[in-house]
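Let's take a friendly tour of a protein model together. Have the sequence and the 3D view open, and follow along as we go.

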Amino acid sequence: MKLGLRSKLLLPTIGAVILSMAMASYFSAKRASDELWSELINSSQIVAKNLGDNAGTFAGDVLAAAVLQSNADRIKRALSSPSAENLAEARSALTELVKFSPAVQGVNVLDTTGEVVVGDDPKSKGNFADREYFKKAIKGEANVSEPTISRVTNKPVFMAAAPIKAGEKILGIIYARVDLASFSKDIVLPVKVGQSGYAFMVSKAGVVFSHPDEGQVLKYKLAEQEWGKKVLEQDSGSVTYTADGVDRTAVFARDKATGWTAVIAISEDWAETETWGAIARAGGPLSSFHLLAAVDLRRDAAGQVGGLVSVLGVRV
């Protein structure tokens, strides 16, 4: 079919209009994606800080409970006069500390040589004088240890230890052993960001001690990764990295009390995928509704992110 003169003249105009609409659609979607990503980064920073604070608060609460029990006469008598009766009374006090949280696996009292004098478990025994938490506590410093493997359970744990004193004299120490799997289940693993984002925790030494992939726990070392070194050098911020072929951004914040760092890992293509998904649902890139959809996406970026980021059941 031959085209008339008017049709021939209109074809370039129509093509230019279609091209303009396509370009407008692309740039509008790009702006929407960028704003959505920026909002996700900002929200993740808040999430990381809250997670670090929550982890630090929990560890601090366990330590405070240990310090409280270190002042109990029942505990002191187990060291100053370890009769069967006094040991039984001390064990009763230690059992109360175990009930502080399901994450607390056990509690022991050690003498000045690091030997177990009494524990909540009658079978408790061993010497822990080489452990850093003991060395600090026996010098008078209540402390939360770096995550480690328990000699008792062979599982990842951290310790909350405090000196036991009679006046200025240190009689020994008390420590609570906290199960990291339970700690992670209650505090870290509930944190979800988008469809694939997740949270993990890193020790002062740069070792991952809480992660959705249990195979990473106490094995993955950020200090051995270039991007990880950047995380350890700062108190908060974000860095990009690639893991298993996926480009991600790690948004992080350090808890000052423990020195632990909370990290939120988010996929870099999430915002773009969400944006173009909304466009497709609106009728495709040349839909008459597309520009409005893109504008709405930019306008409601905060709401989109808020509905996809959760921390311990609380939406932000």
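How much space lies in the second largest pocket? The answer is about 250 Å³. Keep in mind during the tour that this is a predicted model.

## The second largest pocket

Let's look at the walls of this pocket. Its lining is made of 13 residues, and Y198, H211, Q216, A243 and D244 are the ones nearest its centre. Two elements, β8 (197-202) and β10 (236-243), give two or more residues each to the lining of the second largest pocket. Of the elements, β10 contributes the most, with three residues.

You can also sort the lining by class: seven residues are nonpolar, three are polar and three are charged.

## A hairpin beside the pocket lining

Now follow β10 onward to its partner. Strand β11 (residues 246-254) pairs with β10 in the antiparallel sense, over eight bridges. To see this pairing in your viewer, find S236, which stands opposite A253 in β11.

What lies between the two strands of the hairpin of β10 and β11? There are two residues there, and D244 takes a positive phi near 55° in this hairpin. You have met D244 before, among the residues nearest the centre of the second largest pocket.

## The largest pocket

Next comes the largest pocket, which holds about 300 Å³ of space. Here 15 residues form the lining, and P156, L180, A181, E214 and V217 lie nearest the centre.

Which elements supply at least two residues each to the lining of the largest pocket? They are α5 (180-188) and β9 (208-210). Helix α5 gives the most, with three residues. By class, the lining of the largest pocket has seven nonpolar, four polar and four charged residues.

## Two nonpolar cores

Let's move on to the inside of the protein. The largest nonpolar core has 51 residues, and those touching the most other members are L51, F183 and I264. Helix α1 (residues 5-70) gives the most to this core, contributing 13 residues.

Take I264 as an example and look at its surroundings. Leaving out neighbours within four places in sequence, I264 is in contact with S44, V47, A48 and L51, and also with V191, V193, Y198, A199, T249, A250 and V251. One of these contacts, L51, is itself among the three residues that touch the most other members of the core. There is also a second, separate core of 13 residues, including Y198, F200, V202 and V208. Y198 appears once more here: it is one of the residues nearest the centre of the second largest pocket.

## A buried residue in a loop

Where is L222 placed? You can find L222 in the loop between β9 and α6 (226-233). Is L222 buried or exposed? L222 counts as buried because its relative accessibility is 0%, and the cut-off for buried is under 20%.

What does L222 touch, not counting residues up to four places away in sequence? Its contacts are F200, V202, G206, V208, W227, G228, K229, V231 and L232. Three of these names, F200, V202 and V208, are also found in the second, separate core. For a sense of distance, compare L222 with S203: they are 19 residues apart in sequence and 9.6 Å apart in space, C-alpha to C-alpha.

## The whole chain

Finally, zoom out. The protein chain has nine helices and 14 strands. Of its 316 residues, 44% count as buried. Among contacts between residues at least 6 apart in sequence, 53% join residues at least 24 apart.

Conventions:
Residues are numbered from 1 along each chain as its sequence is written. This is a predicted model: local features need pLDDT of at least 70, side-chain atom pairs count only at pLDDT 80 or more; totals for chains, interfaces and linings use all residues. Side-chain values use heavy atoms; hydrogens and water are left out. On a 1 Å grid over the protein atoms alone, a cavity is a set of points where a 1.4 Å probe fits but cannot get out, and a pocket is an open set with protein on both sides within 12 Å along at least five of seven lines; lining residues have an atom within 4 Å of a point. Grid points are joined across faces, edges and corners, and a volume is the space filled by probe spheres set on the points. Helices (H or I, at least four residues) and strands (E, at least two) are DSSP runs, numbered from the N terminus. Ala, Val, Leu, Ile, Met, Phe, Trp, Tyr, Cys and Pro count as nonpolar, Asp, Glu, Lys and Arg as charged, and the others, Gly among them, as polar. Two strands pair if DSSP finds at least two bridges between them. A nonpolar core is a set of buried Ala, Val, Leu, Ile, Met, Phe, Trp, Tyr and Cys residues joined through side-chain atoms within 4.5 Å. Buried means under 20% relative accessible area, exposed over 50%, partly exposed in between (1.4 Å probe, protein chains only). Contact means heavy atoms within 4.5 Å.
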